[in-house]
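Q: I'm new to this structure and would love a close look at one part of it. Could you walk me through a place where two helices pack together, and what sits beside them?

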Amino acid sequence: MAIDPVIETGDSMPAINILDCPKKMFRWTRQQQANGELVGVVPTMGALHEGHLSLVEAARARCEKVVVTIFVNPTQFGPNEDYERYPRTLQKDVGLLSDLGVDCVFAPSKEDMYPQGSSTTVAPPAVATKLEGECRPEHFGGVCTIVLKLLQIIPADLACFGQKDFQQALVIRNMVRDLNLPTQVAICPIKREPDGLAMSSRNVYLDAGERKRALSLVQALRQVPEAIGQGIKDTGLIETRMKEFLRPFVDRIDYAVVVDSETLECLEAVDRTVVGLIAAYIGKTRLIDNCVVSVAGETDLLIESNH
Ligand code: AMP
């Protein structure tokens, strides 16, 4: 979609830069840093919602300049996934970002990011092999490759990712550590709808009935702190509870697990901080959600204080 490279945002707000050229984007970033300003980047696939905007605010709180990238990355979609129909709302996204005072949007084309003949990819870290890695074998290779490329083009001081994609955030954090990238990674809380559904660009696929059934993910996750709070330590038992809760509402469960929150290793008992992770289909839409719970049952799943 063609958009103006610079959008005027009114008298008080400076114009937002819209770049698609990797070289110009790199120069822009270096220029800000040469001026002594910290640059924060928020990588996204667009179709922005308040979850994405909360990452922008987190970046803004810690950096003078904020860049948002918008790129629907083909290499992280499997052959039968929703790459073609993924929502693309660039003009609207740019409007939202310019209202928030974002300094620059990087919206490259497929050819800008994957020039003809490009064949180098990143082998993801070990934490990528489980869960999403088993269900979507190509996914994290595509994610790591695009995020590394984006962080080369935008050598930002800080990159903000969402806990919504919990395993992805761990994969990226570990890749950045393993490859000695200079960018600091921040993992920001999940933004939820008032009823608790985790915000997602894919929620637009849900019809009214499916939207109601989708609430079962967060409701099943609530079983985790509840069980731990009751003194139940057996992860198998908690996973059974989650699955039993989900079954009447979802069409397929890819996984519903309680695992170590750092390594995603299976545990027999809750003896450290764990994460409950669910991936399930509502109709044709695959949704994911998670909650982190300490051994004492303290959790980030506080819907009321989370929106
Ligand atoms: P996406 O456009 O879906 O690739 O997401 C871009 C970034 O936004 C990723 O770091 C996501 O984890 C993050 N994100 C997506 N949904 C939410 C949400 N509900 N709350 C917070 N961050 C989110």
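**Where H6 meets H7**

A: Happily! Keep in mind that this is a predicted model. H6 and H7 are oblique to each other, because the angle between them is about 50° and angles from 65 to 115 degrees would count as roughly perpendicular, those under 35 as roughly parallel. Helix H6 covers residues 139-153 and helix H7 covers residues 166-178, and their axes lie 10 Å apart. As for handedness, the crossing of H6 past H7 is right-handed.

Now for the residues that touch. H6 contributes His139, Phe140, Val143, Cys144, Val147, Leu148 and Leu151. From H7 come Gln167, Gln168, Val171, Ile172, Met175 and Val176. Sorted by class, this contact holds 10 nonpolar residues and three polar ones, with no charged residues.

Next, look at a neighbour from the loop between helix H4 (110-113) and helix H5 (132-135): alanine 128. Among the residues it touches are Phe140, Gln167 and Val171, and these three also take part in the contact of H6 with H7. Gly133 is touched by alanine 128 too. Is alanine 128 buried or exposed? Its relative accessible area is 7%, so alanine 128 is buried, since buried means under 20%. You can also compare sequence with space here: alanine 128 and leucine 170 are 42 residues apart along the chain, while their C-alpha atoms are 8.3 Å apart.

Definitions and conventions. Residues numbered from 1 in each chain as written. Predicted model: local features only at pLDDT ≥ 70, side-chain atom pairs only at ≥ 80, totals over all residues. Heavy atoms only, no water. Axes fitted to C-alpha atoms, helices over the stretch in contact; angles between N-to-C directions. Helix = DSSP H or I, 4+ residues; strand = E, 2+ residues; numbered from the N terminus. Parallel < 35°, antiparallel > 145°, perpendicular 65-115°, else oblique. Left-handed = near helix turned anticlockwise from the far one by under 90°. Contact = heavy atoms within 4.5 Å. Nonpolar A, V, L, I, M, F, W, Y, C, P; charged D, E, K, R; others polar. Buried < 20%, exposed > 50% of the residue type's maximum accessible area, 1.4 Å probe, protein only. Lists of a residue's contacts leave out its neighbours within four places in sequence.
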